[in-house]
Amino acid sequence: MTSANGPIAIYVDADACPVKDEVYRVAGRNGLHVFVVSNSFLNVPREPWIERVTVPGNFDAADDWIAERVSRGAIVVTADIPLADRCIKAGAEVIGPTGKPFTEASIGMALATRDMMEDLRAMGVASGGPKPFSQKDRSAFLQALDLAIQRLKRAGFSS
């Protein structure tokens, strides 16, 4: 199949992302460009296909930078549900660090659950955060990332 749709790019919401090394490894193997976007300076490997983007400004500046640039053919790695929603609406593939894909079918429930938990925490009913990141999560992420790349390649996007 010809690559009529352009190259695949990966955007990493990087400030608290536990799978950056996995993204670098998979992107290198597939010849993909990676944008590592954060609000503060992060060390990234010195590779021509890895671009560090440090976005000054408010807490959501990195999210805004990513959401304003993604479209079909992009893969976004984030645990931020509102960012995932914005990126899905732009046509991007979105994967959480635990390997959970965010889709048009699942994002509404994810937003509702997030809002409900935020309300419960504000009332003091619920506390704590997500469960600790595990090797199983890392493996699920790698599998989800490979699937997203293959799906985009089948759709005509290139490396």
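Before I begin, one definition: two strands count as paired when DSSP finds at least two bridges between them. With that in mind, and remembering throughout that what we are looking at is a predicted model, let me start with strand β4, residues 74-77, and strand β5, residues 93-95, which run parallel and are joined by three bridges. Within that pairing, Ile75 stands opposite Glu93 in β5. The two strands also belong to a right-handed β-α-β unit, in which helix α3, residues 81-89, is the helical part between β4 and β5.

Turning to the other neighbour of β4, we find strand β1, residues 9-13, which pairs with β4 in the parallel sense over four bridges. Along this pairing, Ile10 stands opposite Ile75 in β4, and Val12 stands opposite Val77.

Let me now step back to the whole sheet, which is open, has six strands in the order β3-β2-β1-β4-β5-β6, and shows mixed pairing. At its edges stand β3, residues 50-54, and β6, residues 101-102, and because each has a single partner strand, one side of each is left without a neighbour in the sheet. Helix α1 packs on this sheet, where it touches β1, β2, β3 and β4, and its direction makes about 160° with that of β2.

What, then, covers the faces of a strand such as β4, or rather, are its residues buried or exposed? In a regular strand, side chains alternate between the two faces of the sheet. In β4, Ala74 and Val76 lie on one side while Ile75 and Val77 lie on the other, and all four are buried, so that both faces of the strand are covered.

That brings me to the nonpolar cores, of which the largest has 26 residues, with Ile10, Val23, Val34, Val36, Ile75 and Leu145 making the most contacts inside it. At least two residues of this core come from each of β1, α1 (20-30), β2 (33-38), β4 and α5 (135-154), and the largest share, six residues, is supplied by α5. There is also a second, separate core of 22 residues, which includes Ala9, Ile66, Ala92 and Phe102.

To finish, consider Val36 on its own: setting aside its neighbours within four places in sequence, Val36 is in contact with a list of residues that includes Val12, Ala14, Lys20, Tyr24 and Leu42, and also Val44, Ile50, Glu51, Arg52 and Val53.

Definitions and conventions
Residues numbered from 1 in each chain as written. Predicted model: local features only at pLDDT ≥ 70, side-chain atom pairs only at ≥ 80, totals over all residues. Heavy atoms only, no water. Buried < 20%, exposed > 50% of the residue type's maximum accessible area, 1.4 Å probe, protein only. Right-handed = clockwise from strand over helix to strand, strands pointing away. Core = buried A, V, L, I, M, F, W, Y, C linked by side-chain atoms within 4.5 Å. Contact = heavy atoms within 4.5 Å. Axes fitted to C-alpha atoms, helices over the stretch in contact; angles between N-to-C directions.
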